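Some notes follow on the model, as a colleague might jot them down. They are numbered for ease of reply.

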Amino acid sequence: TVKLQVSGDMKRCYDFLEMTSRSFAAVIQELNPKLRDAICLFYLILRGLDTIEDDMTIPGAKKRDLLEKFHTVIYEDGWSFKESGPDEKDALLLVEFSVVVSEFKRLPVEFQDIIADITRRMGSGMAKYTRARVETLDDYNEYCHYVAGLVGHGLSRLFSESGLEDKSVGENLDLANSMGLFLQKTNITRDINEDVLDGRCFWPSAIWSKYADSEDTLIAKSNRERGIEGLNEMCTNALSHIPDVMEYLSSIHEPTVFKFCAIPQSMAIATIALCYNNGRVLDDNVKIRKGEALKLIAASTSLDSVKCIFYRYLEEIERKNEPSNPMYEQVRKIVDKAKKDI
Ligand SMILES: O=C(O)CO[C@@H](C(=O)O)[C@@H](OCCCCCc1ccc2ccccc2c1)C(=O)NCCCCCc1ccc2ccccc2c1
Ligand SMILES: [Mg+2]
Ligand SMILES: [Mg+2]
């Protein structure tokens, strides 16, 4: 008989997974049982950390202290945080965080060590960027490394530790980093309107300041042509990670792990293609249509089918590319390089 040992708190953890993530809940729940609970808890711990980072009502010094010590509170039975701002969408997760703590402490200690190490390093990186702004391209890559590249590091180490993937997956951390950077850079590029209206901006000033003299001007209708050129440069910057993404995916063989890794990447290339040369991104939060997303989920089952998906969207970007675009040559070079690997 299958011992369905879902203790009370783990059930509540999967409820929180559903509540806090449209995109990742399904792919995490489909994972092989050897990894499912660990990655669910890894997600909830980092979502809890990010809920603190995203909360603009927490004073700087207090926020930095919380971010830097979060890797220790995941071991504190009963830990709860009830001071999130009223607009924080995932505040309830921090109020009831004790269910995450109790289940985290039941994980194999090797999994606990990986999750705690990533939480510590991400919290420290987030604390650094509560003061620093994303200015240079190096800042941009560093910030995305902290909030998403490190997730790739932790996931790859968990895949190898579980025995479901080769030891080398947990060692090729540069490729794992690119998996996170492609997803995070896609989100940052797409979310510019929402972020600027929230008083935040993760686009590096090294890029946007070539096309506007302030973040508000960047999204203004009066500056639309230049804003779209900045948007195209942000899209092109994200596309540079595609060769690493393809190489990483070619190293993943367990079917549920492959889909878990591939589906978010397919969503991301479709999102970049939608954003490219599309002024609506500067006015609104654009998202790929539900029907297209479902097709991408169904098609992201093998390396060949994912390569076809990427090829198709790279062609769409090339069609949208115009000789008048300052990025015209850059886009052609990056698309041709990415297509060559496919
Ligand atoms: O507030 C929001 O809803 C969005 O927040 C964004 C932000 O604040 O920038 C931002 O918050 C980042 C800090 C918390 C990281 C949360 C996370 C996300 C996905 C996971 C997947 C599995 C396991 C753990 C995971 C942890 C965010 O959620 N960005 C989405 C992209 C992050 C990609 C992470 C990632 C990296 C490598 C991967 C490799 C394979 C499969 C999935 C991967 C997923
Ligand atoms: Mg967030
Ligand atoms: Mg954040």
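1. The donor residues of the magnesium ion (ligand 3) follow the spacing D-x2-E-D in sequence. In this predicted model, those donors are D50 (OD), E53 (OE) and D54 (OD), and they coordinate the ion at 2.0 to 2.2 Å.

2. The magnesium ion (ligand 2) has D50 (OD) and D54 (OD) as its protein donors, lying 2.0 to 2.1 Å from the ion. Which residue bridges the magnesium ion (ligand 3) and the magnesium ion (ligand 2)? The bridge is D50, and the two ions lie 3.4 Å apart. Water is not among the atoms, so either site may look incomplete.

3. Are D50 and D54 buried or partly exposed? D50 has a relative accessibility of 15% and counts as buried, because the limit for that class is under 20%. D54, at 22%, counts as partly exposed. These two values fall on either side of the cut-off of 20%, and the class names should be read with that in mind.

4. Ligand 1 is surrounded by 21 residues, and the closest are R47, D50, D54, K89 and Q184. D50 and D54 thus appear both in this list and among the protein donors of the magnesium ion (ligand 2).

5. Three polar contacts to ligand 1 can be named by residue. In the side chain of D50, an N or O atom is 3.0 Å from an oxygen atom of ligand 1. For K89, the distance from a side-chain N or O atom to an oxygen atom of ligand 1 is 2.9 Å. Q184 places a polar side-chain atom 2.9 Å from a nitrogen atom of ligand 1. On its own, ligand 1 has 830 Å² of accessible area, of which the protein covers 91%.

6. Which helices each supply at least two residues of the shell around ligand 1? They are α3 (33-53), α8 (137-162), α9 (173-190) and α15 (255-275). With 6 residues, α3 gives the most to this shell. By residue class, the shell is made up of 13 nonpolar, 4 polar and 4 charged residues.

7. How many disulfides does the structure hold? The count is 0. A disulfide is a covalent bond between the sulfur atoms of two cysteines. The sulfur of C13 has its closest cysteine sulfur in C40, at 5.8 Å, which is too far for a bond because the cut-off is 2.5 Å. For C201 the closest cysteine sulfur is that of C144, 12 Å away, and this is also too far for a bond. C13 is buried, with a relative accessible area of 0%, and C201 counts as buried at 16%.

8. N277 deserves a look at its backbone. Its phi is near 60°, a positive value in a residue other than glycine. Most residues other than glycine have a negative phi, and most peptide bonds are trans. N277 sits in the loop between α15 and α16 (290-299) and is partly exposed, with a relative accessible area of 22%.

9. Helix α8, one of those in the shell around ligand 1, contains V151. V151 is partly exposed, its relative accessible area being 22%. The C-alpha atoms of V151 and N177 are separated by 7.8 Å, and the two residues are 26 residues apart along the chain.

10. E165 belongs to the loop between α8 and α9. Its relative accessible area is 6%, and E165 is buried. From C-alpha to C-alpha, E165 and L66 are 34 Å apart in space, with a separation of 99 residues in sequence.

11. Y311 is part of helix α17 (residues 303-320). This tyrosine is partly exposed, with a relative accessible area of 34%. The C-alpha atoms of Y311 and V335 are separated by 8.9 Å, and the pair is 24 residues apart along the chain.

Definitions and conventions
Residues numbered from 1 in each chain as written. Chains lettered and ligands numbered in written order. Predicted model: local features only at pLDDT ≥ 70, side-chain atom pairs only at ≥ 80, totals over all residues. Heavy atoms only, no water. Buried < 20%, exposed > 50% of the residue type's maximum accessible area, 1.4 Å probe, protein only. Near = heavy atom within 4 Å. Polar contact = N/O pair within 3.5 Å; in protein donor to acceptor, adjacent residues only side chain to side chain. Areas by Shrake-Rupley, 256 points an atom, 1.4 Å probe, with all protein chains shown as cover. Helix = DSSP H or I, 4+ residues; strand = E, 2+ residues; numbered from the N terminus. Nonpolar A, V, L, I, M, F, W, Y, C, P; charged D, E, K, R; others polar. Donors = N, O, S within 2.8 Å, 3.2 Å for Na, K, Ca; no water.
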